[in-house]
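The exercises below are meant to be worked through with the sequence and the model side by side. Each task is followed by a solution that proceeds step by step.

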Amino acid sequence: MSLLGTFVNGIAIISGSFLGLFWTSIPDRIKDTILQAMALAVTILGIGMGLKSEQFLIVIASLAVGGALGEWWNLEEKLNSVGKWLETKVGKQDKGSVATGFVTATLVFVVGAMSIVGALDSGLRQEHDVLYTKALIDGFCAILFTSALGIGVMFSAIPVILYQGAITLLATQIDRFVPQELMDALIVEITGTGGIMIVAIGLNLLGVAKIRVANLLPGLLIAVILVFIVEKWDSILAFSQGIQ
């Protein structure tokens, strides 16, 4: 079953969130310290991902163009609106805004190399080890995030399942059209672009900055387009030099 890894990932997030909801006996100062530690870890993770880029100009251009599109489409506000709608359904909470927990967890769980690589592996080879590993990590993070940010974290399982599921289903057909070398380049630059977004999430959690990370999400699509253009251009140059 191609989608098994994705469903396990979603269940892990929901289960972790349930555990986090009942983690009420821990003092707020300890939860604050845990959240800060998670923010630092997320920041370092993002830096590591960003440094994997082999063509950093693609990352810069992707973030610039993607950020402009995201601001134009106002994606951050739309995601927050979904969170606020969820808040009307589940009621107010003491730990903070449902929207904040939903948006923060969605960005952390969705934007990353493991989401893409794991979903591709599930679709191409029916192997789910990467997504099983991601499920363990996300489940543990969901416990900590929910204890600090509240029930909104639980609803992040929905976009995770939709996003990874879509990639998995696409991957069952994509190997017919995209050569392995191009696929490797796509993963590297998407990882680099997503890494910068992860750093921004970490900075937001630390209170260092207030970056509208959701508005940068179109940058992932722009990265794909730019990699295709660069690879095509390199092929044209190689062909022309071969003729000469």
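**Exercise 1: Annotated spans**

In this predicted model, the end C-alpha atoms of residues 137-162 lie 19 Å apart, and the span is 73% helix and 0% strand. Describe residues 57-75 in the corresponding way, and state which feature UniProt assigns to these positions.

Solution. Begin with the secondary structure: residues 57-75 are 95% helix and 0% strand. Next take the ends of the span, where the C-alpha atoms are 24 Å apart. Finally turn to the record: in an unreviewed entry, UniProt places the feature "transmembrane region" at several spans, among them 57-75 and 137-162.

**Exercise 2: The chain as a whole**

Determine which secondary structure elements the protein chain contains, and decide how its radius of gyration relates to that of a compact globule.

Solution. First count the elements: the protein chain has 10 helices and 0 strands, so that its pattern, read along the sequence, is α-α-α-α-α-α-α-α-α-α. Then consider the overall dimensions, for which the C-alpha trace spans about 75 × 40 × 30 Å along its principal axes. A compact globule of 244 residues would have a radius of gyration near 18 Å, and the 19 Å of the protein chain agrees with this. As a last step, look at the contacts between residues at least 6 apart in sequence, of which 82% join residues at least 24 apart.

**Exercise 3: Surface and charge**

Work out what share of the residues is buried, and which atoms supply 69% of the exposed area.

Solution. Of the 244 residues in the protein chain, 48% are buried. The chain exposes about 12,500 Å², and carbon and sulfur atoms supply 69% of this area. For the charges, compare the mean positions of the 14 positive and the 18 negative ones, which are 10 Å apart.

**Exercise 4: Two loop residues**

Is His 128 buried or exposed, and how should Asn 74 be classified?

Solution. Locate His 128 first, in the loop between helix 6 (113-125) and helix 7 (129-149). Its relative accessible area is 9%, and because buried means under 20%, His 128 is buried. Beyond its neighbours within four places in sequence, His 128 contacts Met 1, Ser 2, Leu 4, Gly 5 and Ser 122.

Asn 74 also lies in a loop, here between helix 3 (56-73) and helix 4 (75-90). With a relative accessible area of 35%, Asn 74 is partly exposed, since that class covers values between 20% and 50%. Its backbone deserves a separate check: Asn 74 has a positive phi of about 60 degrees, although it is not a glycine.

How values were computed:
Residues are numbered from 1 along each chain as its sequence is written. This is a predicted model: local features need pLDDT of at least 70, side-chain atom pairs count only at pLDDT 80 or more; totals for chains, interfaces and linings use all residues. Side-chain values use heavy atoms; hydrogens and water are left out. Helices (H or I, at least four residues) and strands (E, at least two) are DSSP runs, numbered from the N terminus. The radius of gyration is taken over C-alpha atoms; the globule rule is 2.2 Å times the number of residues to the power 0.38. Buried means under 20% relative accessible area, exposed over 50%, partly exposed in between (1.4 Å probe, protein chains only). Contact means heavy atoms within 4.5 Å. Accessible areas come from the Shrake-Rupley method with a 1.4 Å probe; for residues, only the protein chains shown count as cover. Lys and Arg count as positive and Asp and Glu as negative; His and the chain ends are not counted. The place of a charge is taken as NZ of Lys, CZ of Arg, CG of Asp or CD of Glu. UniProt positions are given in the numbering used here, feature names are shortened, and annotations may be inferred rather than shown by experiment.
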